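Me: I would like a close look at a single part of this protein, with the surroundings described carefully enough that I can follow them in the viewer. Please take it step by step.

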Amino acid sequence: MSALETRISLAEASRRASKILTRGASRELETGAAPTFNDLTEVLHFALGDGRIWLNDQRMVLMQSSVLGRLRGEIIDALGFEAAKALFMRVGYMQGVRDAELVQKRWPNEDLTHALAAGPRVHTLEGFVKVTTNHFEFDSEEGTYFGEFFWDDSCEAAEHLASHGVSTEPVCWLQSGYPSGYTTKLLGRSVIFRETECMGMGAKRCTIVGQHADAWGKDAPEREYFGMEWRRRRSYRVRNTPVEVQEEVAKPAGEQGTVVGVSAAFMRTRRLLEKVAATDATVLFMGESGVGKELFSTQLHALSRRADKPFVAINCAAIPETLIESELFGVEKGAFTGASASRSGYFERASRGTLFLDEISSLTYVAQGKVLRALQEHTIERVGGSRTIKVDVRVVAACNVDLAAEVASGRFRQDLYFRLCVFPILIPPLRERRDDIPLLMAHFLEFYSQRHARKLKGFTRRAADALLKYEYPGNIRELQNLIERGVVYADDGGHIDIVHLFVGSEPIPPFTVSLAADGRLAREPMNQHVSKTSDGSEHQDTAQTCAPFEETERAAYLSALERSAGSVAGAARLLKISRPKLEYRLRRLRIRA
Ligand SMILES: [Zn+2]
């Protein structure tokens, strides 16, 4: 504090800044540190009659806050809540970057601490919000940044409240983009700000916390919003769904249709499928239950030369053992009591087309032999008949058990196994093709919205987060069921939220953002610490039950200290923060002297 007892002039600051400071904190600054509001207003010019307003060399506009609110509402209506949020955050980020450039340009010799401290003032000057710096600190060498600010009278929250009422999640999108862009630009490292409390949720004022992008963990969609992500994540918006999905959705009858995916695992499978489709080879699909083996086989059929011929699918496990042979191969008149007329089986019905035998491992040993004969000799005999019938059928089989093990145990014929295993295609479980989840979400959302005649705006971010995080033991079928449930339960015209998707019996509960023991925002099961979710989660009263950030932070430090037997260095390691930072925070929270 002593070095900056009084406000230093810009010239003085310029002289001092020749030594580049790699670390700093807001506490080192006097309240009136440069650039002050006065310094900033010096660069604000109203070029009267010229149709321009300048902030240094940047052209600005004056616009009614209510009009900005209207624009916001229009965009929400046009794009949906989630897409609108991403858009506004990105725009706010750009605004922050521009203002950081302005500060760098106008006060090039200012040290980083002063430049960072100027951000809230520029933002306040621009009339979006009244920013109060609670605290920030950074260490360029360590690559750390932490900042906490308060926002009073957010214009965005006011506009949101006016047109949408109290929200269940923070609404100052444009505004939280701003400090993210500003700080990232100045530090040269990605910093993301999030609101931990928001006026739009009923809080007295908004609280924002910023830290290095990595410190937020993997699930920081802001990275994509702000273009920090080099590998673009697929959007889970309903709009802009890829052409493939739209084509599929356009088919009115299609429960089944094209397979959908972009992940590497999916593409590998798809390529194998395309290679083998044009041939007449027997194909064996392997994979867990619910991965979409039938869908892949319809796709195989659609890509084959047999596409305009029948596709017949049967689940061998669903047919009683005593009936399986007559179902597959048909019955000759008089074969047994009740067979009053000859009847063709699935093989004949699939003539010149494709026969899909799901769960082939549950075929009886005798039926396996007959299938083998059909594959090798292209002939079958009806049950009770002696006539040999020629069949031209491509057989596609699937199983969700280890067929080799079935052979070893004597339950499955080895010769049939070898015959089927010429082109085995393993369909990966959904958890190994997570990149496909957003596409599938959009796909099933469209599909079930049409089927149930619902108009939905999409998923809330939390719902999308949960769907993206979930393990899917039931694979795509489970995802499909979750989304159908969401479509049915969500209010027409609204968003699908977590509560609409999960019934609570799922093996792994959905996740939400909450404060973890190390003081960072992390994913925790929803059924724990619900009252501590900092994004104001599920229930309307969450804003009241939400623990203040400081309290949760204090609990995190105490817990870490306890685990490290009181050692600050040990606790800092546990928390993955620097020891000086922890010491500072402990002093600040009066945990340690
Ligand atoms: Zn807010």
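Which residues coordinate the zinc ion, and through which atoms?

Reply: The model is a predicted one, and what follows should be read with that in mind. The zinc ion is coordinated by the SG atoms of C172, C198 and C206 together with an OE atom of E195, at 2.0 to 2.4 Å. The angles among these 4 donor atoms run from 98 to 115°, and the site is tetrahedral; it counts as such because all of the angles lie between 85 and 135 degrees. Along the sequence, the donor residues follow the spacing C-x22-E-x2-C-x7-C. Within this set, E195 and C206 form a pair that links distant parts of the chain, with E195 in strand β7 (residues 191-197) and C206 in strand β8 (residues 206-212), 11 residues apart.

Both members of that pair are covered by protein. E195 has a relative accessible area of 8% and is therefore buried, the limit for that class being under 20%. C206, at 0% relative accessibility, counts as buried too. The strand that holds C206 is itself mostly covered, since 7 of the 7 residues of β8 are buried by the cut-off of under 20% relative accessible area.

The two strands that carry E195 and C206 are also joined to each other: β7 and β8 run antiparallel and are connected by 6 bridges. One position to look for in this pairing is V191, which stands opposite H212 in β8. Strand β8 has a further partner in β6, with which it pairs in the antiparallel sense over 6 bridges, and here F149 stands opposite I208 in β8. In viewing any of these strands, it helps to keep in mind that in a regular strand the side chains alternate between the two faces of the sheet.

From β6 the pairing can be followed outward. Strand β6 (residues 144-152) is joined to β5 by 9 bridges, and the two run antiparallel. They form a hairpin with 4 residues between them, and G143 in the turn has a positive phi of about 75°. On the β5 side there is also strand β1 (residues 23-25), which runs antiparallel to β5 and is joined to it by 3 bridges; in this pairing A25 stands opposite E137 in β5. Starting at the strand of E195, one can thus trace β7 paired with β8, β8 with β6, β6 with β5 and β5 with β1.

A residue worth stopping at along this path is H135, which is placed in strand β5 (residues 130-139). H135 has a relative accessible area of 1% and is buried, and its bridge partner in β6 is E148. Its side chain takes part in two polar contacts that can be located in the model: a contact of 3.1 Å joins it to the side chain of E137, and a contact of 3.0 Å joins it to the side chain of Y584. If neighbours within four places in sequence are set aside, H135 is in contact with S26, R27, F146, G147, E148, Y584, R585 and R588. This list includes the bridge partner E148 as well as the polar partner Y584.

For comparison, two positions elsewhere in the chain can be described in the same terms. K293 lies in helix α11 (residues 293-303) and, with a relative accessible area of 6%, is buried. The C-alpha atoms of K293 and C399 are separated by 8.6 Å, although these residues are 106 residues apart along the chain. Leaving aside neighbours within four places in sequence, the contacts of K293 include F285, E288, F356, D358, C399 and I427. E471, by contrast, is in the loop between α18 (461-469) and α19 (475-489) and is partly exposed, with a relative accessible area of 33%. Between E471 and R434 there are 9.3 Å in space, C-alpha to C-alpha, and the two are 37 residues apart in sequence.

As for the chain in which all this is set, it has 24 helices and 19 strands, and 54% of its 593 residues count as buried. Among contacts with a separation of 6 or more, 68% are between residues 24 or more positions apart. The accessible surface of the protein chain comes to about 27400 Å², of which 52% belongs to carbon and sulfur atoms.

Terms used
Residues numbered from 1 in each chain as written. Predicted model: local features only at pLDDT ≥ 70, side-chain atom pairs only at ≥ 80, totals over all residues. Heavy atoms only, no water. Donors = N, O, S within 2.8 Å, 3.2 Å for Na, K, Ca; no water. Tetrahedral: all angles 85-135°; square planar, octahedral: opposite > 155°, others 65-115°. Buried < 20%, exposed > 50% of the residue type's maximum accessible area, 1.4 Å probe, protein only. Polar contact = N/O pair within 3.5 Å; in protein donor to acceptor, adjacent residues only side chain to side chain. Contact = heavy atoms within 4.5 Å. Areas by Shrake-Rupley, 256 points an atom, 1.4 Å probe, with all protein chains shown as cover. Pairing = 2+ DSSP bridges.
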